[in-house]
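This report walks through a single protein chain, from selected side-chain pairs to the overall fold. The sequence and the model are shown first.

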Amino acid sequence: MTKPSALGTIGRSSCPDRFRRNATAIDYALAPGWLPWPAADPDLHPFEWDESEESRIGGVIASMVPPAGAGWQERYRFTDEVTALLAARYGRWVCGWHWAVGEGGGGGVVISWCCASHSVREPEATAARVIASLLEWRDWLEELAERFARLAPPAGADAEDRSWHLERAAVRLVTVVVDRTGAECGWYGLCHTVLAWFLTSTGMSPEAAKVAVDAAIGGRFRSWTEPSRTLIDTVGDDLAVRLTGEHPYRDH
C-alpha cells in the first residue's frame with residue numbers, strides 16, 4: 001500500500017442526527033450505511049499493518065483524545081476527526097470502524113467500540129480501542145468478501161438457477177448479520193447494507209441494489225426482534241423473484 005506523506009484531513013459537512021452514532025458527521029461519504037461495495041471491497045483496497053504502523057497511528061490518535069471531563073460534543077468530534085484521519089490514510093472503507101453493535105453504536109457489527117460517551121477515556125486506552133475496532137471492521141469486510149464469492153450465482157446461470165443462488169445468499173447473509181448483532185437496536189441497517197453490497201458484488205449498480213433490497217425487506221425487520229426463519233426465507237424469496245422473475249426451486 002502506498003502511504004501518503006501526510007495524514008491529511010477531509011472537509012466537514014452537516015450530517016443528519018440519525019447518523020450521529022453509527023457514522024461520522026464530517027462527510028456523507030464517510031457514513032458506513034452509504035458506503036458502496038467498490039469503496040469497501042478489501043480486494044480493491046489493500047491494507048498493510050505492522051507494529052510500526054500501529055505505534056505511529058496509535059500515537060496520533062492518542063494525541064487527539066479530548067481531556068478528561070470533556071463533554072459529549074468533544075467526544076463525538078473526536079470520533080469524527082479520527083474517522084477523517086483513518087480515511088485519509090487508508091481509504092474510505094475505514095468509515096465503519098465505530099459502527100458498533102446495539103443502540104450506542106447504531107446497530108453495527110463492531111464490539112471493540114461502544115460509543116463516544118463510553119469508549120473515549122484515557123488517551124492510550126482510547127487509541128488502543130480505536131485500533132482494535134479498525135482491525136475488527138477490516139476483518140468483517142474480508143469475511144464478507146469471502147462469503148460473497150462463495151454465494152454468488154455462477155456465470156451463465158439461467159434465471160431459475162440464479163434465483164436459487166440469490167435466495168440462498170440472502171438467507172445466509174441475513175442470518176449471519178442477526179448472529180453478529182444479536183438483532184439489537186438498528187441491526188436491520190447493517191443487514192440492508194450487507195445485502196446491497198452482495199448484489200453489487202454480483203454486478204448490479206449500487207443504486208439498483210439498494211432499490212431491490214428496500215423492496216425485499218419492506219420494513220419487516222425490527223429492532224430488538226430476531227426475525228423468524230419463515231420471515232428470512234420470505235425476504236430471500238422476494239429478493240430472488242424480484243431480480244429474476246423466477247421462484248427459487250427448493251430441491252437444488
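Is Glu-142 buried, partly exposed or exposed? Glu-142 is partly exposed, its relative accessible area being 34%. The model in which this value was computed is a predicted one, and the sections below should be read with that in mind.

## Salt bridges around helix α5

The side chain of Glu-142 forms a salt bridge with that of Arg-138, with an N to O distance of 3.0 Å. Both residues belong to helix α5, which covers residues 123-151, and because they lie 4 residues apart in this helix, about one helical turn separates them. The two partners differ in their burial class, since Glu-142 counts as partly exposed at 34%, whereas Arg-138 is buried with a relative accessible area of 5%.

A further salt bridge joins the side chains of Arg-180 and Glu-143 at 2.6 Å, again from N to O. Here the partners come from distant parts of the chain, with Arg-180 in helix α6 and Glu-143 in helix α5, 37 residues apart. Arg-180 is partly exposed at 36% relative accessibility, while Glu-143, at 19%, falls in the buried class, because that class takes in residues under 20% relative accessible area.

## A bridge between a loop and helix α9

The side chains of Arg-220 and Asp-238 also meet in a salt bridge, for which the N to O distance is 2.9 Å. This pair likewise links distant parts of the chain, as Arg-220 sits in the loop between α8 and α9 and Asp-238 in helix α9, 18 residues apart. Arg-220 is partly exposed, with a relative accessibility of 31%, and Asp-238 is also partly exposed, with a relative accessibility of 31%. Elsewhere, salt bridges with shared partners connect Glu-143, Arg-147 and Arg-180 into one network. In total, the structure holds 7 salt bridges.

## Two residues with positive phi

Most residues other than glycine have a negative phi. Against that background, two loop residues deserve attention. Ala-183, which is not a glycine, has a positive phi of about 55° and lies in the loop between α6 and α7, the latter helix spanning 187-201. Trp-224, also not a glycine, has a positive phi of about 60° and is placed in the loop between α8 (206-217) and α9 (229-244).

The surroundings of these residues contrast in accessibility: Ala-183 is buried, with a relative accessible area of 1%, whereas Trp-224 is exposed at 55% relative accessibility.

## Ser-163 and Ser-112

Ser-163 belongs to helix α6, which runs over residues 159-181, and is buried, with a relative accessible area of 0%. When residues up to four places away in sequence are not counted, Ser-163 touches Ala-240, Val-241, Thr-244, Glu-246, His-247 and Pro-248.

Ser-112, by contrast, is partly exposed at 27% relative accessibility, and its place is in the loop between α3 (72-90) and α4 (116-119). Once neighbours within four places in sequence are set aside, the contacts of Ser-112 are with Arg-129, Ala-132, Ser-133 and Glu-136. The C-alpha atom of Ser-112 is separated by 9.6 Å from that of Ala-128, a residue 16 places away along the chain.

## A negative patch on the surface

Which residues form the negative surface patch? Glu-48, Asp-50, Glu-51 and Glu-54 do so. One of them, Glu-51, is found in helix α2, which comprises residues 51-64, and counts as exposed because its relative accessibility of 70% is over the 50% required for that class.

## The chain as a whole

The protein has 9 helices and 0 strands, so that from the N terminus on its elements run α-α-α-α-α-α-α-α-α. Of the 252 residues in the protein, 48% are buried.

Among contacts between residues at least 6 apart in sequence, 65% join residues at least 24 apart. The accessible surface of the protein amounts to about 11600 Å², and carbon and sulfur atoms account for 50% of it.

Conventions
Residues are numbered from 1 along each chain as its sequence is written. This is a predicted model: local features need pLDDT of at least 70, side-chain atom pairs count only at pLDDT 80 or more; totals for chains, interfaces and linings use all residues. Side-chain values use heavy atoms; hydrogens and water are left out. Buried means under 20% relative accessible area, exposed over 50%, partly exposed in between (1.4 Å probe, protein chains only). Contact means heavy atoms within 4.5 Å. Patches are made of residues with over 30% relative accessible area and no salt bridge: like charges are joined within 9 Å, nonpolar side chains (Val, Leu, Ile, Met, Phe, Trp, Tyr) within 5 Å. Accessible areas come from the Shrake-Rupley method with a 1.4 Å probe; for residues, only the protein chains shown count as cover. A salt bridge is a side-chain nitrogen of Lys or Arg within 4 Å of a carboxyl oxygen of Asp or Glu. Lys and Arg count as positive and Asp and Glu as negative; His and the chain ends are not counted. The place of a charge is taken as NZ of Lys, CZ of Arg, CG of Asp or CD of Glu.
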